[in-house]
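The following exercises are to be worked with the sequence and the three-dimensional model at hand. Each task is followed by a solution in steps.

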Amino acid sequence: MSASSSGPVIHVVAAAVVDTAGRVLIAQRPAGKHMAGGWEFPGGKLEPGEERLTGLARELREELGITLVGTPRPLIRVSHAYPTREVLLDIWVVKHYSGETRGLDGQALRWCTQDELEAAELLPADKPIVRALRLPERLRQMASRYYCVGGVADADNAPRLRGVFCASADEGSAAMSAGADFLVMREVLADEELKVLCGMVSVPVYAIGVVLEKAWELGASGVSEI
C-alpha cells in the first residue's frame, strides 16, 4: 500500500475482463482525463451510496457495452496515493458477460496475455493487480512459479506471492497486517465470518468447505483444495 496523500480518497471499481483465450482487457485513459494516455483495467468511480457490484456492472455497461452474467470473482483491493488524490481500487475478475467489448468513451482497448500484461505501461495503482491475477481460482498446490503457501521455500529466490494459513477472521487480519499477500483458510468458517473476514482484508482469501461461486458471493477470491 502506498503512503496516503492529502487529497480525497476515490473508490474505484474495476475489472480484469478475461476472454475465452485467457487474455485480459486493458483500456487507455482518453485525453482530458487524469493520467491520460496511461493503461488501466476498465472501471470507474462509485456513485454515492452505490453498492460495489452495482457500480461495477454500471461501469462495464457504460464504458465497454457489456453486461455482467453471474457473480464475478473478487480479486484484490489496492490503495495508491497520487500527488493530488488517493485511489482505492476494488478489482474483480470478469469471465462471464454478454455483448462485445467496445471503447464507448473513445478509449483504446487492448487484449493482453499474462506475459504481455506484465510489460504493459499500466498506471502505478494497477500494477499490483497483475501479480494477483496469477493466483488460481482453485488452490491445488502449495507452490508454483508465482506463489507459495506457508513455509514452502523459494529455492530459486524468485519473487512470489506469499500465502499464509489462518483459522479465523482475527488470524487472517493479523496475517495481512504482517505482510501476507493472500490468505488460505485451514478451518471452515460460517458464512457470516467468512464475509466479515473478506470485508476486513484487502488481499485474496481462499475458503474451504464452500463451493466456488458461493465463495465469490461471500467475498473470497477462491477455494483451497490443499
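**Exercise 1.** Determine whether Pro 8 is buried, partly exposed or exposed, and list its contacts.

*Solution.* Step 1: Pro 8 has a relative accessible area of 53%. Step 2: the classes are buried (under 20% relative accessible area), exposed (over 50%) and partly exposed (in between), computed with a 1.4 Å probe on protein chains only. Pro 8 is therefore exposed. Step 3: Pro 8 is placed in the segment before S1; strands (E, at least two residues) and helices (H or I, at least four) are DSSP runs, numbered from the N terminus. Step 4: with neighbours within four places in sequence set aside, Pro 8 is in contact (heavy atoms within 4.5 Å) with Thr 84, Arg 85 and Glu 86. Step 5: between the C-alpha atoms of Pro 8 and Val 210, 202 residues apart along the chain, the separation is 38 Å.

The model is predicted: local features need pLDDT of at least 70, side-chain atom pairs count only at pLDDT 80 or more, and totals for chains, interfaces and linings use all residues. Residues are numbered from 1 along each chain as its sequence is written, and side-chain values use heavy atoms, with hydrogens and water left out.

**Exercise 2.** Assign Leu 68 to an accessibility class and identify the residues it touches.

*Solution.* Step 1: Leu 68 belongs to strand S5 (residues 67-68). Step 2: its relative accessibility is 21%, so Leu 68 counts as partly exposed. Step 3: not counting residues up to four places away in sequence, Leu 68 touches Leu 53, Leu 56, Ala 57, Leu 60, Val 94 and His 96.

**Exercise 3.** Describe the surroundings of Ile 91 and the largest nonpolar core.

*Solution.* Step 1: Ile 91, in strand S7, is buried, with a relative accessible area of 1%. Step 2: leaving aside neighbours within four places in sequence, the contacts of Ile 91 are Ala 14, Arg 73, Pro 74, Leu 75, Ile 76 and Ile 129. The C-alpha atoms of Ile 91 and Pro 74 are 6.5 Å apart. Step 3: a nonpolar core is a set of buried Ala, Val, Leu, Ile, Met, Phe, Trp, Tyr and Cys residues joined through side-chain atoms within 4.5 Å. The largest has 27 residues, of which Phe 41, Leu 117, Ile 129 and Leu 133 touch the most other members. At least two residues of this core come from each of S1, S2, strand S6 (73-81), S7 and helix H3 (127-132). Step 4: another core, of 22 residues, lies apart from it and includes Val 164, Cys 166, Ala 180 and Leu 218.

**Exercise 4.** How many disulfides does the model contain, and why does Cys 148 form no such bond?

*Solution.* Step 1: a disulfide is counted for a pair of cysteine sulfur atoms within 2.5 Å. Step 2: the count comes to 0 disulfides. Step 3: the cysteine sulfur closest to that of Cys 148 is in Cys 166, and Cys 148 forms no bond because the separation of 15 Å is too far. Step 4: Cys 148 counts as buried, at 6% relative accessibility, and Cys 112 is likewise buried, at 0%.
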